[in-house]
Amino acid sequence: MRKAIVFLIALVTCAVFATDWIIGGGMVFLNVTGWNLSTGLVDKFYSMEAGFDFDLGRTVEGTATNLYNLEMLGKIPLYRIGNMAFGPSVAMMYGNFPGNSSTDTSWKLSFSAGLYGEFELENLQFSFGFLYPFGTDFDLMKATYASAKFFIYPSGKNFVDKLFVGLDLLSGRVRLMIGLIEPF
């Protein structure tokens with residue numbers, strides 16, 4: 001109960017101080033295959049995103065199985081140099097997607113922490129990092145974090161929302177998504 005209260009207090013605190021809300025969806029590939037819905041809070045001092053991956057009715061061991069995966073990524077840009085930022089990041093994945101050529105659909109938790117960097121160039125945003133996994137075997141593909149977002153600004157329109165198309169690699173899965181960053 002105490003952990004739930006601490007989590008709720010942290011979530012409410014982040015929501016109070018956030019300036020933008022991100023929402024999106026798309027497809028995921030590699031070790032997690034299916035669809036993705038994402039949401040999160042973004043601010044110049046932190047970013048916290050959560051994604052829900054799912055593949056309903058997938059055939060595993062001859063039976064139809066619903067596969068789910070919850071992923072979270074938190075980043076804190078401690079150092080800024082021009083349009084570059086660096087800092088710590090943490091990632092968590094919890095789900096029942098089977099691993100490489102495995103048929104094990106039991107629920108598994110993976111947690112990793114490390115460093116990331118971010119670079120902005122006009123309407124492109126690149127993020128890259130290294131997240132060391134705790135409690136699981138080291139795999140370079142799962143330890144690498146990379147993200148690219150291309151922001152689309154319609155000409156002649158003055159929108160405060162930021163529409164983007166993104167591609168990212170997190171904990172061994174690749175996500176292709178379209179999303180929107182909304183200011184509060």
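Reader: Where is the place of S47 in the secondary structure?
Author: The model is a predicted one. In this model, β3 spans residues 47-60. The place of S47 is in strand β3.

Reader: Is S47 buried or exposed?
Author: A residue is classed as buried when its relative accessible area is under 20%. The relative accessibility of S47 is 12%, so S47 counts as buried.

Reader: Leaving aside neighbours within four places in sequence, with which residues is S47 in contact?
Author: Contact here requires heavy atoms within 4.5 Å. One of the partners of S47, L73, also belongs to a nonpolar core of 5 residues. Beyond its neighbours within four places in sequence, S47 is in contact with L41, V42, L73, G74 and K75.

Reader: Which strand gives the most to the lining of the largest cavity?
Author: Strands β3, β4, β9, β10 and β11 each supply at least two residues of this lining. With 4 residues, the strand that gives the most is β4.

Reader: What is the volume of the largest cavity?
Author: The structure holds 1 cavity of 30 Å³ or more. For the largest cavity, the computed volume is about 110 Å³.

Reader: Which lining residues are the closest to the centre of the largest cavity?
Author: The lining comprises 14 residues. They divide into 5 nonpolar, 2 polar and 7 charged. The closest to the centre are E49, L73, D168, L170 and R175.

Reader: In which strand is I22 found, and is I22 buried or exposed?
Author: I22 is found in strand β1, which covers residues 20-30. With the limit for burial set at under 20%, the relative accessibility of 3% means that I22 counts as buried.

Reader: What separates the C-alpha atoms of I22 and D161?
Author: Along the chain, I22 and D161 are 139 residues apart. Among the residues that I22 touches, not counting those up to four places away in sequence, are E49, K149, F164 and I181. The C-alpha atoms of I22 and D161 are separated by 9.9 Å.

Reader: Which residues form the largest nonpolar core?
Author: In soluble globular proteins, nonpolar side chains tend to be buried together. In this model, I22 touches V42, F164 and I181, and each of these residues is also a member of the largest nonpolar core. F151, another member, is in contact with F164 and I181. The 6 residues of the core are I22, V42, F151, F164, M177 and I181.

Reader: How many residues are in the second, separate core?
Author: This core includes L73, A91, Y145 and L170. Of these, L73 and L170 are also among the lining residues closest to the centre of the largest cavity. The number of residues in the second core is 5.

Reader: What is the relative accessible area of S171?
Author: The place of S171 is in the loop between β10 (162-170) and β11 (173-183). Leaving aside neighbours within four places in sequence, S171 is in contact with N31, M93, S112, K142 and T144. S171 is buried, with a relative accessible area of 10%.

Reader: What pattern does the protein chain follow along the sequence?
Author: The secondary structure comes to 2 helices and 11 strands. Read along the sequence, the pattern is α-β-β-β-β-β-β-β-β-α-β-β-β.

Reader: Of the residues of the protein chain, what percentage count as buried?
Author: The accessible surface comes to about 11,000 Å², of which 69% belongs to carbon and sulfur atoms. The protein chain has 184 residues, and the share that count as buried is 37%.

Methods
Residues are numbered from 1 along each chain as its sequence is written. This is a predicted model: local features need pLDDT of at least 70, side-chain atom pairs count only at pLDDT 80 or more; totals for chains, interfaces and linings use all residues. Side-chain values use heavy atoms; hydrogens and water are left out. A nonpolar core is a set of buried Ala, Val, Leu, Ile, Met, Phe, Trp, Tyr and Cys residues joined through side-chain atoms within 4.5 Å. Buried means under 20% relative accessible area, exposed over 50%, partly exposed in between (1.4 Å probe, protein chains only). On a 1 Å grid over the protein atoms alone, a cavity is a set of points where a 1.4 Å probe fits but cannot get out, and a pocket is an open set with protein on both sides within 12 Å along at least five of seven lines; lining residues have an atom within 4 Å of a point. Grid points are joined across faces, edges and corners, and a volume is the space filled by probe spheres set on the points. Ala, Val, Leu, Ile, Met, Phe, Trp, Tyr, Cys and Pro count as nonpolar, Asp, Glu, Lys and Arg as charged, and the others, Gly among them, as polar. Accessible areas come from the Shrake-Rupley method with a 1.4 Å probe; for residues, only the protein chains shown count as cover.
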